[in-house]
Amino acid sequence: MQTPAAMDAERRLSDARSKGNARWLQAADSAGIGVLNVALAVEVCLVFANTVARAVHREIVPGLEETAHLFLIYVAFIGGGVAYGRGRFMAVTAVVEKLPRTARLAVASVIDWTVIAIAAAIGGTTIPLQLMNAAERTPMLGVSFFWLTLPMMLGSLLFILHAGQSLWRRPRALALGSGALVLACVAVLLLSVGSDWTAGPALYIVLAAGFVVLILFGLPVGFVLAAVGIVYIVETGSAPPIAIAMTAQRGTGGFIFLALPFFILAGFIMDKGGIGERIVALLAAVLGHLRGGLLQVSIVAMYVASGISGSKAADMAAVGIPMTESFRRQGYDSAEAASVLAASAAMGESIPPSIAILALGSVTSLSTGALFLAGLLPAATIAALLMAVVYLRARYARWQPSPRATFRTQFAAGRRAILPMLMPVVLIGGIIDGIGTPTEISSFAVIYGLLLACCLYRLVGPRSLWELLTEANLLSGMIFFTFAGATLFSWALALEGVPDAVAGALGVLGPHMFLLAVCAITIVLGAVLESIVTVIILGPLLLPVAMHLGVDPLQFGIVLIEAFGIGSIVPPVGLGLYIACAIFRTEMHHTFRPVLGYLFVLCLGLVVVSAIPWITIVLPSAFGFSG
């Protein structure tokens, strides 16, 4: 996942990768991103104008649902295609990186051919969908359905072209041999359609084995999920092929999903505008004198920063980068600092406006506003446990505290940070007071960030803003294509009756044992998939079971999200830990020992949250929210 911390380095890598593309492909990518950047800016303005108009004049801007759906389809497929070409898709690479160079190239070639096959399946089934809906128009704006399916065709073509160009650069024998292997697998699957084995356990074994192999080979998670869903639909004939395109299109979401690219953009703007640095400076002035002071500051700063951008990567960069030099000066071990930052990021997963919360609220019946409130105290509970452990570590290791900052220093830091610190208060307050939905409030976050970064602090200019729009669309493209793949996967599970089977298996557990099982499953999947797809799949699957067992749905949601956060920093594949190590420039294996201690504390905090429902439900109940 792209992080603001590594934005400059990542951009240079992307530029180098893009310059290796054919000029016409570079032009196609630039045109697609240009359209998306303008569209994202327009969507922010429309949603913000709608929020103001509704609050002041009791009027609304017509057709926002339709423009949102159209924009998100373009983001998922056009933005996703460009993001794939620039290497922005998440994948598990730990296994492949240990292979010899020739084997790595062979695996990469197989992955590219697999991407071509999956993109061709989605793009190919889009054609009959296009013909079927040729005369249809949207009810509010009268937009032809042609424009809803066109980005799926163009995006699928972009995936194919980028994968094809990667293959073109490899040794011909290797590229052709891997292509023959993938073609043979596809032929076997097509020839076996309708055979006896597709109706029995053998199909499950093949799908499960394919899932594991593709994940370990480094195929991006969104394509793995799409592949399993497509193979199931084709092999069983449980739905016509056109359902592949329809389901993928539905998976890109609607109006509420706009909050994701909006908050991602707001996080990038605030990081570029130095807003995280101001928050860290204030907390360092107030808390730096405690034992383990800078580690304590990083925990509290992550709690505060998590209430601004919604992106864990953005939060870690905004907090970690300004502190690296201070940690070095005061003699802290880089591995310890990276471990605490990663653990703090896992803790902050349930703090609004977390992308995981937005995703869970989008794919289930849970109220996003209620989840926003429900996550505050559980995160605070876990943060308090982390701070207590840091304090004990500091006493045991005899870390010397820093001198207390003078009142003048604290006052100066507070004056510089007062406007950034208001952001989480305004965001959460706006939702509680009913000023706007999470999507509408996210547009305010973008506008507020622009006012601070562009007008007040003057750190973001037109060129920088265009680059931030590009980064937001690339990250959003990866996320929303993964959503589309996860929807295909989830639909296949539903067709096979997996939700009912899971309900039957877990329904015999009591509420507490069920929540512990949810924690274990989510931590494992969160560590392997490194994606919020864990939340997207498990949320709708397990929520009915939780409600059947009498578990409060908000408590279930927050436990699921916090467990996902813990999974994302489990070594050696946890993405959050990778980001923390990159920020503090330390090798991951150096963090194994310290991070395991903090993982234990996180799990202990999760058990406390699971055992005491009051921690989760007291704030939503106090403000009249329910799941």
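Buried here means under 20% relative accessible area. The model is predicted. By that cut-off, helix α11 holds many residues of interest. I275, G276, R278, I279, V280, L282, L283, A285 and L287 in α11 are buried. The helix covers residues 275-287 and has 13 residues. From its first C-alpha to its last, α11 reaches 19 Å. That span is close to the 18 Å expected at 1.5 Å a residue.

E562 was examined next. This residue lies in helix α24, which runs over residues 553-567. E562 counts as buried because its relative accessibility is 1%, and the limit is 20%. The side chain of E562 makes a polar contact with the side chain of S350, at 2.7 Å. S350 also appears among the residues in contact with E562 once neighbours within four places in sequence are left aside. The others on that list are A346, M347, A379, I382 and L606.

Two residues from that list, A346 and M347, also take part in a helix pair. Both belong to the α14 side of the contact between α14 and α26. Helix α14 spans residues 334-347, and helix α26 spans residues 588-611. The two pack at an angle of about 30°. Their axes are 8 Å apart. The crossing of α14 past α26 is right-handed. On the α14 side, A335, E336, A338, S339, V340, A343, A346 and M347 are involved. They meet H590, T591, P594, V595, Y598 and L602 in α26. By class, this contact has 10 nonpolar, three polar and one charged residues.

Definitions and conventions. Residues are numbered from 1 along each chain as its sequence is written. This is a predicted model: local features need pLDDT of at least 70, side-chain atom pairs count only at pLDDT 80 or more; totals for chains, interfaces and linings use all residues. Side-chain values use heavy atoms; hydrogens and water are left out. Helices (H or I, at least four residues) and strands (E, at least two) are DSSP runs, numbered from the N terminus. Buried means under 20% relative accessible area, exposed over 50%, partly exposed in between (1.4 Å probe, protein chains only). A polar contact is a pair of N or O atoms within 3.5 Å; within protein, one must be able to donate a hydrogen and the other to accept it, and residues adjacent in sequence count only if both atoms are side-chain atoms. Contact means heavy atoms within 4.5 Å. The expected span of a helix is 1.5 Å times one less than its number of residues. Axes are lines fitted to C-alpha atoms, for helices over the stretch in contact, and angles run from 0 to 180 degrees between N-to-C directions. A crossing is left-handed if the near helix is turned anticlockwise from the far one by less than a right angle, and right-handed if clockwise. Ala, Val, Leu, Ile, Met, Phe, Trp, Tyr, Cys and Pro count as nonpolar, Asp, Glu, Lys and Arg as charged, and the others, Gly among them, as polar.
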